[in-house]
Structure formats: structure tokens, C-alpha cells
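Work through these short exercises with the structure in view. Try each task before you read its solution.

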Amino acid sequence: MIKLRPMLPQEYVGYLAYFLPDYALEISANYDLSPADALARAKGEIAADLPDGVETKGQVLLSIVDPDEGLVGYLWYKPDLPAQSAFIYDFHILPPFQGKGLGKAALKALEELLLEQGITQIGLRVAADNARAQGLYRAAGFRATGVNMIRRIGSR
């Protein structure tokens, strides 16, 4: 049975080791930036969004734990209690544990946690080229509400 618990400061280091390169790849692919510029942008955004790491007020960083396997993933969301909603900024099952139903179980555990807090809606953004994640979210009951689009103009 999957458990969600607050991310420990020492786990945050591992989280950043996964998150920054992964997010930089997405930025580079979607915004036509060089890998170095994309990594710099990812680091800047993380510094702005999570200035105090796991202690950042208004943000929730969780570790996804399987009792048999230990740490199997990470989850970052921001609750908006007045709106009874939460927005998932990042959700990741570590590669050795993917394809085993842990993602679906973690989303179910998150749903239960959020309902206890009075939250009745979960939002997220998923990359257009991430079919695996889109399939997981659809299977978990999410539906698309829009499409992000970009077009580069002018010279570089």
C-alpha cells in the first residue's frame, strides 16, 4: 500500500537531482532553448518556487513510499484551500518502479489526503509528448481542459 509522507530534507537533494535535468529537457524541447539555457531556467524557477526547499510555505513536497520498496517517487503540489483545489506541479515514479501500478495508487492516496483537507479538485499540466503520463491521468479520471501552444517569432 502506497504512503505519502512529507519529503525529508535529504530526499530533496535526490528530488532535485531528478527534477532539474528532467524539467530542463522539457524546457529545451518546448521553448527552443539550448540545454545550458534550459537548465539555468529550471534552476531559476525552482529557486523562485521553492526558496526554502521542503519548508517552503504554500507548497507541499511529498515522498511516495512503498512499504516493501521504500522511496518510489515524488509529488509536489500547491493547495488552494479557499478554492478547494490543488495543483500538481510534479509527480514522478522513479524508473525502476514504473509500470507497476504505483502511479495510480499514489494518485489515489493523494485524492484521499486532499479530500481530508476539504479539497475537491486537482489540476495539473502534462507535456504534450508524454503519452504515458497522459494515459495514467486519464485512467485516474483526469480530463483535458485546454491546450498550451507556443510559436517562436522574430530572430534569435
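**Exercise 1.** Is D32 buried, partly exposed or exposed?

*Solution.* Keep in mind that this model is predicted. Step one: locate the residue. D32 sits in the loop that links α1 (9-31) and α2 (35-49). Step two: take its relative accessible area, which is 46%. Step three: apply the cut-offs. Buried means under 20%, and exposed means over 50%. D32 is therefore partly exposed, at 46%.

**Exercise 2.** What is the sign of phi at D32, and what is it at Q84?

*Solution.* Start with the general rule. Most residues other than glycine have a negative phi. Now check D32: its phi is near 55°, a positive value, and the residue is not a glycine. Then check Q84: phi is about 55° and positive, again without a glycine. Q84 lies in the loop between β3 (70-80) and β4 (85-93). Its relative accessible area is 39%, so Q84 is partly exposed.

**Exercise 3.** In which order do the helices and strands follow one another?

*Solution.* Count first: the protein has 4 helices and 5 strands. Then read from the N terminus: β-α-α-β-β-β-α-β-α. The radius of gyration is 16 Å, close to the 15 Å from the globule rule for 156 residues, so the protein is as compact as a globular protein of that length.

**Exercise 4.** What share of the 156 residues is buried?

*Solution.* Buried residues make up 35% of the 156. Turn to the surface next. The protein exposes about 9700 Å², and carbon and sulfur atoms supply 54% of that area.

Terms used:
Residues numbered from 1 in each chain as written. Predicted model: local features only at pLDDT ≥ 70, side-chain atom pairs only at ≥ 80, totals over all residues. Heavy atoms only, no water. Helix = DSSP H or I, 4+ residues; strand = E, 2+ residues; numbered from the N terminus. Rg over C-alpha atoms; globule rule 2.2 N^0.38 Å. Buried < 20%, exposed > 50% of the residue type's maximum accessible area, 1.4 Å probe, protein only. Areas by Shrake-Rupley, 256 points an atom, 1.4 Å probe, with all protein chains shown as cover.
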